[in-house]
Amino acid sequence: MKEIGDIVLAYEQSLQLGLKMALATVVSVDGSSYRRPGARMLVTEDGKFTGAISGGCLEGDALRKAALAINQGKKKLVVYDTTDEDDAKLGVQLGCNGIVRILFEPIDADNISVIHYFKKMNASREPSILVTGYHQDQGSHWGTMLTEAIQEKYYADLKPVFENVLKSKKSEHLIIATDEGNQALFVEYIIPAISLIIVGAGNDIMPLENMARLIGWSTTVVDGRPTHANSLRFGQANKIIVGKPAEAMQQLLFDDRTAVVLMTHNYNYDFAMLSELANANVPYIGLLGPAAKRERLFNDLADIGIHFTDVQLKNIYGPTGLDLGAETSSEIALSVCSEIMAVIEGKQPQHLRLKTTPIHASI
């Protein structure tokens, strides 16, 4: 979702400058490629781009293809084929052994529907489905849209596919017959960014909040001290809440992609916040500090009649973070973000060299 958010921001800035743009979307990959279907890049007519469709090897040629789409005002499908291992004839040096199909869609003040869809997804904490339709033989391309924008005469047949994508949480590819010929559809399952709620606003929080934003997460800083939790210190955080834990809880939203980390260095504040969280369904609660602090918190909560269920206890990580040898606040931030991402994404951390299956799931 970060890439989509960055594209929306770049679009709005470029629109103010009166620039025409094109959106490049990886719609399918056969074989190996650095980026997978759903990777996007916004290109402006002055040659600047936001996002990425490869590790850098395709971007140069993509700028030329985007310029062509902008000038012609038409959607254009470009296929990069390196299965013959002769990258040089393409002049792009893909470095991968695969076929990559990229759809280029011109965007200007008269054609902003794609950006409208992106904005709508960004405003929601619900999973979304984004459909990108293209003609494999350079015919008419549907382009990128939300399911609600699909013509009614095709929607009924596609509805079971959308329902299955939402249920399985996996994107799908399919081909349907339309009045304009066969249309290949990339039905993409898009999930909201991880929402990180950091309880605490000390100096050691800054690297964690910065790192979370860097990887595209939504960040909320909670603290009882207005001298610490303010826009001067956390100017780019999505939300800052000042108040006691009970007051803060009234302003917080939790879903299955929310993580909370208690890092106030104030035992009483952490204790009060953890007692409030006993009534919330949170997939990740991190406790900064040693295991002894965790046990003390549990024991003190039990003394006042607050007990966590077995399911809740499995979602509490104290001490928070993976064992990466972290010492500094920045290293601890990396450790914490790594553990949160692994937990939310349902992954068991391991060295990639030990994987016996592809790094990316096929879609």
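Here is a short chat about a predicted model of a protein chain.

Colleague: How many helices and strands does the protein chain have?

Modeller: Let's start with the overall picture: the chain has 363 residues, and its C-alpha atoms fill a box of roughly 70 × 50 × 45 Å along the principal axes. The secondary structure comes to ten helices and 15 strands.

Colleague: What share of the residues is buried?

Modeller: A residue goes in that group when its relative accessible area is under 20%. Among the 363 residues of the protein chain, the buried share is 47%.

Colleague: And what share of the contacts with a separation of 6 or more comes from residues 24 or more positions apart?

Modeller: Take the contacts in the protein chain with a separation of 6 or more. Of these, residues 24 or more positions apart account for 62%.

Colleague: How far apart are the mean positions of the positive and negative charges?

Modeller: The chain carries 34 positive and 43 negative charges. Average the places of each set, and the two mean positions are apart by 1 Å.

Colleague: On to helix H4: what should its 17 residues span, at 1.5 Å a residue?

Modeller: H4 covers residues 152-168, and its end C-alpha atoms are 24 Å apart. The rule multiplies 1.5 Å by one less than the number of residues. That agrees with the model, because the expected span is 24 Å.

Colleague: Where in H4 does the kink lie?

Modeller: Look shortly before the proline Pro-160. The kink there is about 50°, and the residue where it lies is also one of the buried ones in H4. That residue is Leu-158.

Colleague: Which strands help cover the buried residues of H4?

Modeller: The residues to be covered are Tyr-154, Leu-158, Val-161, Phe-162 and Val-165. An α-helix has 3.6 residues a turn, so residues three or four places apart point the same way. What covers the buried residues of H4 includes strands S6 (128-134), S8 (172-178) and S9 (181-190).

Colleague: Which residue just after helix H1 takes a positive phi?

Modeller: H1 runs over residues 2-16, with Ile-4, Ile-7 and Tyr-11 among its buried residues. Just after H1 comes a phi of about 75°, and the residue is Gly-18.

Colleague: Is Asp-300 buried or partly exposed, and what is its relative accessible area?

Modeller: Asp-300 lies in helix H8 (residues 291-303). Leaving aside neighbours within four places in sequence, Asp-300 is in contact with Tyr-267 and Phe-271. Buried would need a value under 20%, so Asp-300 counts as partly exposed, at 26%.

Conventions
Residues are numbered from 1 along each chain as its sequence is written. This is a predicted model: local features need pLDDT of at least 70, side-chain atom pairs count only at pLDDT 80 or more; totals for chains, interfaces and linings use all residues. Side-chain values use heavy atoms; hydrogens and water are left out. Helices (H or I, at least four residues) and strands (E, at least two) are DSSP runs, numbered from the N terminus. Buried means under 20% relative accessible area, exposed over 50%, partly exposed in between (1.4 Å probe, protein chains only). Contact means heavy atoms within 4.5 Å. Lys and Arg count as positive and Asp and Glu as negative; His and the chain ends are not counted. The place of a charge is taken as NZ of Lys, CZ of Arg, CG of Asp or CD of Glu. The bend at a residue is the angle between axes fitted to the seven residues ending there and the seven starting there.
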